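Work through the exercises below with the sequence and the 3D view side by side. Try each task before you read its solution.

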Amino acid sequence: MIEINQDVFDKEVESNELLVLDFYSTECPPCEALAPKFDALDALYGQDIRFVKMFRQGNRDLAEKLGVRSSPTLLFFKNGKQVGDVLTGGIRRSDIMRNLDALLPEARVEQIHASIRPIDTETEVLVLGAGPGGLAAAIYLAQAKVDTLLVDPLLPGGQVSTTHQVSNYPGFIDPQPGYMLAHNMAEQAKVAGARMKVAVEISNIDLKKKEVLIDGHETIRAKKILISTGASPRYLNVEGEKEYYGKGISYCATCDAKYFHDKEVVIIGGGNTAVEESEFISKFASKITMVQQFPYLTANRSAQEKAMADPKINILFSHEPRGFYRRGEKMAVKVENLETNEMKELQTDGVFVFVGMKPNLELINDPLEKDQWGYLKVDHEMRTSMPDVFAAGDVISKQIRQITTAVSDGTIASIVIARELH
Ligand SMILES: Cc1cc2nc3c(=O)[nH]c(=O)nc-3n(C[C@H](O)[C@H](O)[C@H](O)COP(=O)(O)OP(=O)(O)OC[C@H]3O[C@@H](n4cnc5c(N)ncnc54)[C@H](O)[C@@H]3O)c2cc1C
């Protein structure tokens, strides 16, 4: 890969009709994840497009001039002008290819795509999902000298990487930024010898054949598969929800209730989780307003009775949230009264959303046994109903979903797998 610096940038852009520039940094896991993809695409498109990279910290003036604030950042140039997307973070091969294809005539794009050779990759264990469950498993497997490959459509870390502070993971006296904890787990897995293919496009998972297709052309074949794809909160899909996710809106009381000591909180939901979590949050908050879409709570009776008797909890029945906004230090929740269609705004210090979670199993079509909520059923050794397919973490049917429990499941699965393989 050709490395350039800011002194020759103008000349490079002028003398090459088409150019793609990768601003990278050292000690940057997403840059490391991008490097092999960038090299492979250079081999594919290099005849038509010049591929160059530049060390961001050593070329700050140009980076600033081009508005580049993080590494990696990929920029595309045509006839001296910047075109296409600015790609940053966990950059996928398909996103780069879309931008490269847009620079070339259609016929040439077809030729290039036709020249892509399929790749076959073998591994003993394929771990689907590089969250805490998958990473813990990978650490144990790799340390047991089991050939292990982790695959994730995002960067490693799972839900932890988007968690502001983690204060309940043992081994740290002070709360840890989630992204650091995630980073350390991922590095530990790499040091142990686990391979990783992250920020990839997963298009097909065949558990029976133990085959997974990534980036459209690479088939990974394994002897055993561990599913640790986690779970995602169900979203309300209203204005401001994405913007304030983790910055005023939380989906985890165990994790965040402690930050609302003597503060006011709005809880969205009225089912078992919402009502039970409201009891927990009530240990910290001074006032709780529950927003429930039905004219009654849907939690079990004893939980309901407790919530109704709690003087800190006030329930707005037949109301639904319509938007979240920041008003200075406070959050505001716009709610609609479903009986009168009247809108009003609730001012609060923070919002908790408890309208359910869902397991990340969209790409898995094999008939695995699941519970009534769609989570995977496993035995005490983390075996699913399919031979040589294990599962761990938030994706399995269980009561408590935390980092420690995901790590525990991953540990059990990996030790059982390692014993069977070697
Ligand atoms: C905002 C928030 C704060 C939290 N705070 C805490 C806390 O303070 N303490 C605590 O103990 N717990 C906390 N939790 C819960 C904790 O993060 C989870 O229990 C834990 O991350 C579960 O780990 P996991 O590996 O099972 O799944 P996840 O962390 O969800 O990771 C799953 C991974 O699988 C990947 N994936 C998804 N689909 C596929 C696929 N088809 N193929 C391959 N990979 C796939 C995802 O991209 C992801 O990287 C919090 C959760 C949230 C949402």
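The radius of gyration is taken over C-alpha atoms, and the globule rule is 2.2 Å times the number of residues to the power 0.38. The model is predicted, so local features need pLDDT of at least 70, side-chain atom pairs count only at pLDDT 80 or more, and totals for chains, interfaces and linings use all residues. Residues are numbered from 1 along each chain as its sequence is written.

**Exercise 1. Overall form**

Task: Find why the radius of gyration of the protein chain agrees with a compact globule.

Solution. Start with the length: the chain has 422 residues. For that length, a compact globule would have a radius of gyration near 22 Å. The protein chain has 24 Å, which agrees. Next, take the extent: the C-alpha trace spans about 75 × 55 × 45 Å along its principal axes. Then count the elements. There are eleven helices and 24 strands in the protein chain. Helices (H or I, at least four residues) and strands (E, at least two) are DSSP runs, numbered from the N terminus.

**Exercise 2. Domains**

Task: State which domains the assignment gives, and how many Å separate the centres of domain 1 and domain 3.

Solution. Domain bounds come from an automatic or database domain assignment. Here it gives domain 1 (2–114), domain 2 (119–232 + 357–421) and domain 3 (249–353). Taken over C-alpha atoms, the centres of domain 1 and domain 3 are 46 Å apart.

**Exercise 3. The nonpolar cores**

Task: Describe the largest nonpolar core and say where its residues come from.

Solution. First, the terms. A residue is buried if 20 or more other C-beta atoms lie within 10 Å of its own, exposed if 12 or fewer, and partly exposed in between; C-beta atoms are placed from the backbone. A nonpolar core is a set of buried Ala, Val, Leu, Ile, Met, Phe, Trp, Tyr and Cys residues joined through C-beta atoms within 7 Å.

Now apply them. The largest nonpolar core has 83 residues. L126, A138, L141, L226 and A391 have the most contacts inside it. Helix α6 (residues 132–143) gives this core its largest share, eight residues. Domain 1 and domain 2 each supply at least three residues to this core. Another core, of 28 residues, lies apart from it and includes A257, F260, L297 and V353.

Zoom in on L141. Two residues are in contact if their C-beta atoms, placed from the backbone, lie within 7 Å. Leaving aside neighbours within four places in sequence, L141 is in contact with V125, V146, T148, A194, S414, I417 and A418.

**Exercise 4. A five-strand sheet**

Task: Give the strand order of the open sheet of five strands, then explain why β1 and β5 each have one side without a neighbour.

Solution. Two strands pair if DSSP finds at least two bridges between them. The order is β1-β3-β2-β4-β5, with mixed pairing. β1 (2–3) and β5 (81–88) are at the edges with a single partner strand each, so one side of each has no neighbour in the sheet. β1 pairs with strand β3 (residues 50–55) in the parallel sense, over two bridges. There, I2 stands opposite V52.

**Exercise 5. Two hairpins around β12**

Task: Trace β12 (residues 211–214) and its partners, and decide which of its side chains are buried.

Solution. Begin with β11 (residues 202–206): four bridges join it to β12, and the two run antiparallel. I205 has V212 as its bridge partner. This hairpin has four residues between its strands, and K210 in the turn has a positive phi of about 60°.

Move on to β13 (residues 218–227). β12 and β13 pair in the antiparallel sense over four bridges. V212 has I220 as its bridge partner in β13. Three residues lie between the strands of this hairpin, where D215 takes a positive phi near 50°.

Now the side chains. V212 and I214 point to one face and are buried. E211 and L213 point to the other and are not.

**Exercise 6. One residue in detail**

Task: Decide whether V198 is buried or exposed, and list what it touches.

Solution. V198 lies in strand β10 (residues 195–198). V198 has 21 other C-beta atoms within 10 Å, so it is buried. Not counting residues up to four places away in sequence, V198 touches A33, G90, A130, D152, L154, L155 and P156. Look at D152: V198 and D152 are 46 residues apart in sequence, but 4.7 Å apart in space, C-alpha to C-alpha.
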